[in-house]
Amino acid sequence: MKKFIAFCLIFVLLLTGCQQNRSGPVTPEPAQAGGHVVVALDPASEPAAGFDPAFGWGAGEHVHEPLIQSTLTVTNSDLTIGYDLATEMEVSEDGLLWTVQIREDVTFTDGEPLTASDVAFTYNTVRDAASVNDLTMLDYAEAQGNTVLFHMKRPFSIWPYTMATVGILPEHAYDPATYGANPIGSGRYMLKQWDRGQQIILQNNPDYYGQQPQMDRVTILFLEEDAAFLAVQAGQVDLAYTSAAYSQQSPAGYSLLPVKTVDNLGISLPTAGNIGASHRAISLGLDRQAILDRVLDGYGTPAYSVCDNMPWSSPTAGKVVFDRDQANALLDETGFLPGPDGIRERWSFGRMELTIHYPAGDTIRQAVAAELCSQLNELGIAAQSKGVDWQTIYQQTHTAAAVWGFGSHTPMELYNLYHSGGLYGYSSAYLDALMDYALACTDLESSYALWQTVQEEVSDHGFIWLVNIDHLYWVRDGLQVAQQKIHPHGHGWSIVNNVDQWSWS
């Protein structure tokens, strides 16, 4: 075993410190380097199509600031909207025209000015690209002077959240075949080097229009979780993602940083049958804190909706206090009573049974599923867990239970789950009208109350939300990581959203 660990350490040292490429060897510098930081992220964080917003960079499941490019808006620490390139914006009374003024003091890293024409070009390009960044609500964008006009196909009150994820491309220098590997932007950093499958190096943009980064160079390594921990033990990284499985370790010179998230896990129940009809009883009878303690070593918070602690989250929707006695009483009222083996059954209806699916290979969801089975059996529901592929999970969304993960910096998460045709297959004219009305609001903040009502209406159906997982990171002593806003689903780039504000003490 010692030989194996030694081999792994040597491998990590070679990977992080001795890679050869056309620019010569790359050796991550230690903490004393001052303006340089080395970060280890999950390999899934590496953008397959490169650093091109037209192909998903900055958007999708792991939403983050694109760093290399500027955006029109940003999300503040409380997830409200702030400005980046935009200086002001307004929306027409019918919600079909957004008018956005932009700064006139911005240049791309090749020296060319960033104009409203670049913004319009970007949005029209992203709209037409096969991207995870959904712009199907946009008809077209056009430039008029230093103003961009967004003509919408339908009202979309949460458009400012979309504008926070779309990095602006240079119309004069954009080639979809090459841009992802050689991006020209106007953001805080420039891409200095990319060794695919291994690392990227970001260098500060000396012509950035905002405050210059305190970290002038950022090296990001793409490492599997066990390799990332070995890199921490070897002192080869300054910050590395990790999980609760490593949280009891004490690597010399590092401390554990937990970050609050809206990265929530929940279980979907069948839409029909005795299980689906027992949603509230099951929710009452699940001990969320026990799931946190036994699976996540306490790193997280109980979850009651898909958007806890967001500006649009309801403070009451789905909230229950764990009460197994009340849960059993509610289940008794259904007529399903415990049989000789403790499993509930009802004459002519059979036993209460449930198979909980989880994506094979996902150890956290596997452990959550196992804990759920244990707790459900205590309620008299015969539960078993089964690891399957995602295709099976999607095909059986309405007929079987599954452990899901969601959480985003936009109310569209609710729309995608609960609108007709959404993931869970709701078909409610009332809910559809609520969400359509929320999107038609001309004031973003006033739409929040409508999204809250949606949560209250669906709180006893479909999904039972369980826990919000803390994102965990090993941080080298002396590295001051700037305050993090709530992270979305996925252990991706969110931690480095504000890497420009990090510092060494």
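Which residue just after α7 takes a positive phi? Asp-297 does, at about 55 degrees. I will start from there and work back along α7. One caution before that: this is a predicted model.

At the other end of the helix, the start of α7, there is a side-chain to backbone approach. A side-chain oxygen of Asp-287 comes to within 3.2 Å of the backbone nitrogen of Gln-289. So much for the two ends.

Now the body of α7. Its buried residues are Arg-288, Ala-290, Ile-291, Leu-292 and Val-295. An arginine is on that list, in the company of alanine, isoleucine, leucine and valine. What do these buried residues pack against? Four elements: α6, residues 279-285; β14, residues 300-302; α9; and β21, residues 463-469.

Of those, I take α9 further. Helix α7 covers residues 288-295 and helix α9 covers residues 363-378. Their axes lie 10 Å apart, and the packing angle is about 135 degrees. An angle over 145 would count as roughly antiparallel, and this pair is therefore classed as oblique. The crossing of α7 over α9 is right-handed. From α7, the residues making the contact are Ala-290, Ile-291, Arg-294 and Val-295. From α9, they are Ile-364, Ala-367, Val-368, Glu-371, Leu-372 and Gln-375. Sorted by class, that contact holds seven nonpolar residues, one polar and two charged. As background to the spacing in those lists, an α-helix has 3.6 residues a turn, so residues three or four places apart point the same way.

The second helix pair is α12 with α13. Helix α12 runs over residues 429-440 and helix α13 over residues 444-458. Here the axes come within 8 Å and cross at roughly 160 degrees. That angle makes the two helices roughly antiparallel. Is the crossing left-handed or right-handed? It is left-handed.

The contact residues of α12 are Tyr-430, Leu-431, Leu-434, Met-435, Tyr-437, Ala-438 and Leu-439. On the α13 side they are Ser-447, Leu-450, Trp-451, Thr-453, Val-454, Glu-457 and Val-458. By class, eleven are nonpolar, two polar and one charged.

Next, the loops, beginning with two more positive phi values. Which residue sits in the loop between β1 and β2 with a buried position? That is Leu-67; β1 is residues 36-41 and β2 is residues 73-75. The phi of Leu-67 is near 65 degrees, positive in a residue that is not glycine. Its relative accessible area is 2%, so Leu-67 counts as buried.

Leu-79 is the other one. Leu-79 is placed in the loop between β2 and β3, the latter being residues 81-83. Phi of Leu-79 is near 70 degrees, again a positive value outside glycine. With a relative accessible area of 1%, Leu-79 is buried.

Then Arg-103, in the loop between β5, residues 97-102, and α2, residues 116-128. Is Arg-103 buried or partly exposed? Partly exposed, at 25% relative accessibility; the buried class ends under 20%. Setting aside neighbours within four places in sequence, Arg-103 is in contact with Asp-84, Leu-85, Thr-87 and Tyr-209. Ala-86 is 17 residues away from Arg-103 in sequence, and their C-alpha atoms are 6.3 Å apart. The side chain of Arg-103 also makes a polar contact of 2.8 Å with the side chain of Asp-105.

Pro-176 brings in a more distant stretch of the chain. Pro-176 belongs to the loop between α3, residues 159-163, and β8, residues 189-195. Its relative accessibility is 48%, which puts Pro-176 in the partly exposed class. How far apart are the C-alpha atoms of Pro-176 and Ala-54? They are separated by 8.2 Å, with the two positions 122 residues apart along the chain. Not counting residues up to four places away, Pro-176 touches Asp-52 and Phe-55.

Last, Thr-397, in the loop between α10, residues 390-395, and β20, residues 401-406. Thr-397 is buried, at a relative accessible area of 3%. Where does its side chain reach? To the backbone oxygen of Tyr-394, at 2.8 Å.

That is what I have; over to the group.

Methods
Residues are numbered from 1 along each chain as its sequence is written. This is a predicted model: local features need pLDDT of at least 70, side-chain atom pairs count only at pLDDT 80 or more; totals for chains, interfaces and linings use all residues. Side-chain values use heavy atoms; hydrogens and water are left out. Axes are lines fitted to C-alpha atoms, for helices over the stretch in contact, and angles run from 0 to 180 degrees between N-to-C directions. Angles under 35 degrees count as roughly parallel, over 145 as roughly antiparallel, 65 to 115 as roughly perpendicular and the rest as oblique. A crossing is left-handed if the near helix is turned anticlockwise from the far one by less than a right angle, and right-handed if clockwise. Contact means heavy atoms within 4.5 Å. Ala, Val, Leu, Ile, Met, Phe, Trp, Tyr, Cys and Pro count as nonpolar, Asp, Glu, Lys and Arg as charged, and the others, Gly among them, as polar. Buried means under 20% relative accessible area, exposed over 50%, partly exposed in between (1.4 Å probe, protein chains only). A polar contact is a pair of N or O atoms within 3.5 Å; within protein, one must be able to donate a hydrogen and the other to accept it, and residues adjacent in sequence count only if both atoms are side-chain atoms.
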